[in-house]
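Got your viewer open? Load the model, pick a cartoon view with side chains on demand, and let's walk through it stop by stop.

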Amino acid sequence: MKGQSFFILGLIFALIIAVLAVINNDPVQFNYVFGSQKWPLILIILTTAVFGGVVAASLSFVKIVQLRGQVKQKNKRITELEEEMKQHKPVEPVMEEEPNQPATRTERAQL
């Protein structure tokens, strides 16, 4: 379900960007570090959207790699603990005796 909702939101976002890009197709002055040029606004909007998607995907990929490393560490630790548990003998539960209680009247009468 979660993946489907992200997919649908992505499609809606892409549709909005496409509509904005088609409506705004006039050439505009684009200034960059070494100069400037006139480019169609559609090209600038789509380029920045793609660049934003690439940055977001890259950051997600880094997080996924980190989480996979954590899972690998946790699985290794679980395996170590399971091996340690196998080496130990099971301990029999110790039944504690009830503490000596003073005799009740009926118990004293029976004595």
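Start by selecting phenylalanine 6, which sits in helix 1 (residues 2-23). Helices here are DSSP runs of H or I with at least four residues, strands are runs of E with at least two, and both are numbered from the N terminus. Phenylalanine 6 is exposed, with a relative accessible area of 55%. On this scale, buried means under 20% relative accessible area, exposed means over 50%, and partly exposed is in between, with a 1.4 Å probe and protein chains only.

Before moving on, a word on what you're looking at: this is a predicted model, in which local features need pLDDT of at least 70 and side-chain atom pairs count only at pLDDT 80 or more, while totals for chains, interfaces and linings use all residues. Residues are numbered from 1 along each chain as its sequence is written, and side-chain values use heavy atoms, with hydrogens and water left out.

**Stop two: the nonpolar patch**

Keep phenylalanine 6 selected and add Phe7, Ile8, Leu9, Leu11, Ile12, Ile16 and Leu20. Together with Phe6 they make a nonpolar surface patch of about 830 Å². Patches are built from residues with over 30% relative accessible area and no salt bridge; like charges are joined within 9 Å, and nonpolar side chains (Val, Leu, Ile, Met, Phe, Trp, Tyr) within 5 Å. The areas come from the Shrake-Rupley method with a 1.4 Å probe, and for residues only the protein chains shown count as cover.

**Stop three: the hairpin**

Next, select residues 27-32 and 35-40, which are strand 1 and strand 2. They run antiparallel, and 6 bridges join them. Two strands pair if DSSP finds at least two bridges between them. The hairpin gets from strand 1 to strand 2 through 2 residues.

Click on valine 28, in strand 1. Valine 28 is partly exposed, at a relative accessible area of 25%. Which residues does valine 28 touch, leaving out those up to four places away in sequence? Show Gln37, Lys38, Trp39, Leu41 and Ile44, and you have them. Touching means contact here, that is, heavy atoms within 4.5 Å. Try a distance label too: the C-alpha atoms of valine 28 and lysine 38 are 5.2 Å apart, though the two residues are 10 apart along the chain.

**Stop four: the aromatic rings**

Staying on the hairpin, show Phe30, Tyr32 and Trp39, which form one aromatic cluster. Rings of Phe, Tyr and Trp (its six-membered ring) pair if their centres lie within 6.5 Å; planes under 30 degrees apart count as stacked, over 60 as edge-to-face, and the rest as tilted. That rule gives 2 aromatic pairs. In one of them, the planes of phenylalanine 30 and tyrosine 32 meet at 35 degrees with the ring centres 6.1 Å apart, so this pair is tilted. Phenylalanine 30 also pairs with tryptophan 39, and that pair is stacked: 5.0 Å between centres and 10 degrees between planes.

Colour the three by accessibility if you like. Phenylalanine 30 is partly exposed at 28%, tryptophan 39 is partly exposed at 28%, and tyrosine 32 is partly exposed at 38%. Phenylalanine 30 has a bridge partner in strand 2 as well, namely glutamine 37.

**Stop five: charges on helix 2**

Jump to helix 2 (residues 41-87) and pick arginine 77 and glutamate 80, which both lie there, 3 residues apart, about one turn of the helix. They form a salt bridge, their closest N and O atoms being 3.6 Å apart. The term covers a side-chain nitrogen of Lys or Arg within 4 Å of a carboxyl oxygen of Asp or Glu. Arginine 77 is partly exposed at 45%, and glutamate 80 is partly exposed at 39%.

Now slide along to glutamate 83 and lysine 86. Their salt bridge has its closest N and O atoms 3.9 Å apart, and about one helical turn separates them, because they are 3 residues apart in helix 2. Glutamate 83 is partly exposed at 39%, whereas lysine 86 is exposed at 64%. The structure holds 2 salt bridges.

**Last stop: zoom out**

Show the whole chain. How many helices and strands are there? The chain has 3 helices and 2 strands, in the pattern α-β-β-α-α along the sequence. Buried residues make up 3% of its 111 residues.
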